[in-house]
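Welcome to a small set of exercises on sheets, helices and empty space. Have your viewer ready, try each task yourself, and then follow the worked solution.

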Amino acid sequence: MLSRVRVWLNRTYAENVFFMDQLRRNPSDRAVEIHATHGDADSPVLAAADTADLEPEGLSPAAYVEFALDQCARRGIDVFVPRLHQSAIVAHRAEFEAVGTALLAPPPEAVAVFHDKVIAYEAVQAIGAPVPPWWRVRTADELVAAVEELEAGGHKACFKPASGAGGVGFRVITRTPFSLMHLNGFPGPYVPLDLVVEALKEADESVDWLVMPRLEQPEVSVDCLTGPDNRVRLAVGRTKNGRRRGFTLHEQWLEPARRIAEGFGLHYLSNIQFRMFGDTPVLMDVNTRPAGGLHQLSLCGVNAPWAAVQLALGEDPGEMEPPFLGQDYTVVSGPRPLRAVSIPHQRAEETGPLLPAVPAPTAEPVEQVTTEAGTPATARA
């Protein structure tokens, strides 16, 4: 009988409760125990795990690596899926292997390339994958010059931090003066250029932004599973066009994603995002971690989290093709249990298990996480 597999997810997104569900429902019928850590005692991933700890706050990357090594040794972790401080953790892969833990993450060189979006665009362009025009700006004058060049070409300008995850810091430049129009309804991404310029000139610190044209839908996120031999085992595109979601195996999306995943050694799970620039699909972003929506591939009969764990354990699942493509769907809100009682922040002297993960009673509060047609889906923690 095969021994159980012990998997740890650190400070991850709320929607990865579904990543955890898929590990437990693996097609190998292998016993899986899940350890989770987070800085928020009310994160649903803590309630969904078999064991859980609160993470200490304020650790440097180096100190966090020591915390992680201790967790792996004490908890008997077989596979660690790092999100927080991923770059620092993968630089110590040998030390994790020494305590019996495989890292489900790319090598440090690959993580470093995609930490900075400008370096990433330059590197991706060098291997022939399509990228949009971009400008790196740090001053108000550089911003205005980039915006004017884009507008002269008939494009709407937007900007985002050169390093960062998700849509944090993304804004679209408008020439419309600030008015009550910007205060009606829900907050949007549009910001008047004059206010951005004024803020830059008055700031005591510099910025590091990537300015580029606003890209059009559809947005296609290609989930890739790549082995340590740099060969892609699985690539499926998840499409987003307004509320409508779906799946694609069209090579205009999959071919450049494979080229990037194999060319840069994006081992295990990565997510490579594209949008349209005119009639051409171009790279938008690369995530060197599992995407929050990865579980949606279950609608295509694919369990990507388990296949990745198999690869990390040295058990190659081989080439994978979805047996079918699921129908188009949308996402809606749904409840997910939280722990019965929120606990105080971890104290330094506490050494034992802080959060034995027991299901919350149904009468307790729940956190809203999104669900897809018939099954739970995504929401950020």
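**Exercise 1.** Does Tyr 13 count as buried or exposed?

*Solution.* Begin with the ground rules: the model is predicted, local features need pLDDT of at least 70, side-chain atom pairs count only at pLDDT 80 or more, and totals for chains, interfaces and linings use all residues. Residues are numbered from 1 along each chain as its sequence is written, and side-chain values use heavy atoms, with hydrogens and water left out.

Next, take the cut-offs: buried is under 20% relative accessible area, exposed is over 50%, and partly exposed is in between, using a 1.4 Å probe and protein chains only. Tyr 13 has 12% relative accessibility, so Tyr 13 counts as buried.

Now place the residue. Tyr 13 sits in the loop between strand S1 (5-10) and helix H1 (17-24); helices (H or I, at least four residues) and strands (E, at least two) are DSSP runs, numbered from the N terminus. Its C-alpha atom is 8.6 Å from that of Ser 43, a residue 30 positions away along the chain.

Finally, look at the whole chain: buried residues make up 52% of its 381 residues, and the chain has eleven helices and 19 strands.

**Exercise 2.** Describe the open sheet that contains S11 and S14.

*Solution.* First, write down the strand order. Five strands form this sheet as S13-S12-S11-S14-S15, with antiparallel pairing; two strands pair if DSSP finds at least two bridges between them.

Second, find the edges. Strand S13 (244-248) and S15 each have a single partner strand, so one side of each is left without a neighbour in the sheet. From one strand to the next, the twist averages 25°. Angles here run from 0 to 180 degrees between N-to-C directions, and axes are lines fitted to C-alpha atoms, for helices over the stretch in contact.

Third, check one pair of strands. Strand S11 (residues 216-226) and strand S14 (residues 268-277) are antiparallel over eight bridges, and Val 222 stands opposite Ile 272 in S14.

Fourth, add the helices. Helix H10 (residues 251-263) packs on the sheet and touches S11, strand S12 (232-241), S13, S14 and S15, its direction making about 45° with that of S11; contact means heavy atoms within 4.5 Å. Helix H11 (residues 304-312) lies across S11, S12 and S14, at about 130° to S14.

**Exercise 3.** What is the strand order in the open sheet with mixed pairing?

*Solution.* The five strands run in the order S6-S10-S7-S8-S9. The edges are strand S6 (135-137) and strand S9 (190-192), each pairing on one side only. Direction ignored, neighbouring strands of this sheet are turned by 35° against each other on average.

For a parallel pair, go to strand S8 (residues 171-174) and S9, which are joined by three bridges. There, Thr 174 stands opposite Pro 192 in S9.

Two helices complete the exercise. Helix H8 (residues 140-152) packs on the sheet, touching S6, strand S7 (157-161), S8 and strand S10 (209-213), and makes about 155° with the direction of S6. Helix H9 (residues 193-202) touches S7, S8, S9 and S10 and makes about 70° with the direction of S9.

**Exercise 4.** How many cavities of 30 Å³ or more does the structure hold?

*Solution.* Start with the idea: rolling a probe the size of a water molecule over the atoms shows where empty space is left. On a 1 Å grid over the protein atoms alone, a cavity is a set of points where a 1.4 Å probe fits but cannot get out, and lining residues have an atom within 4 Å of a point. Grid points are joined across faces, edges and corners, and a volume is the space filled by probe spheres set on the points.

The count is two. The largest has a volume of about 80 Å³, and its lining includes Tyr 13, Arg 83 and Arg 289.

The second largest cavity has a volume of about 40 Å³. Its lining includes Phe 114, Lys 117 and Asp 285. The elements giving two or more residues to this lining are helix H7 (117-126) and S15, and S15 supplies the largest share, four residues.

Key. 1 Å grid on protein atoms, 1.4 Å probe; cavity = no way out; pocket = protein on both sides within 12 Å on 5 of 7 lines; lining within 4 Å.
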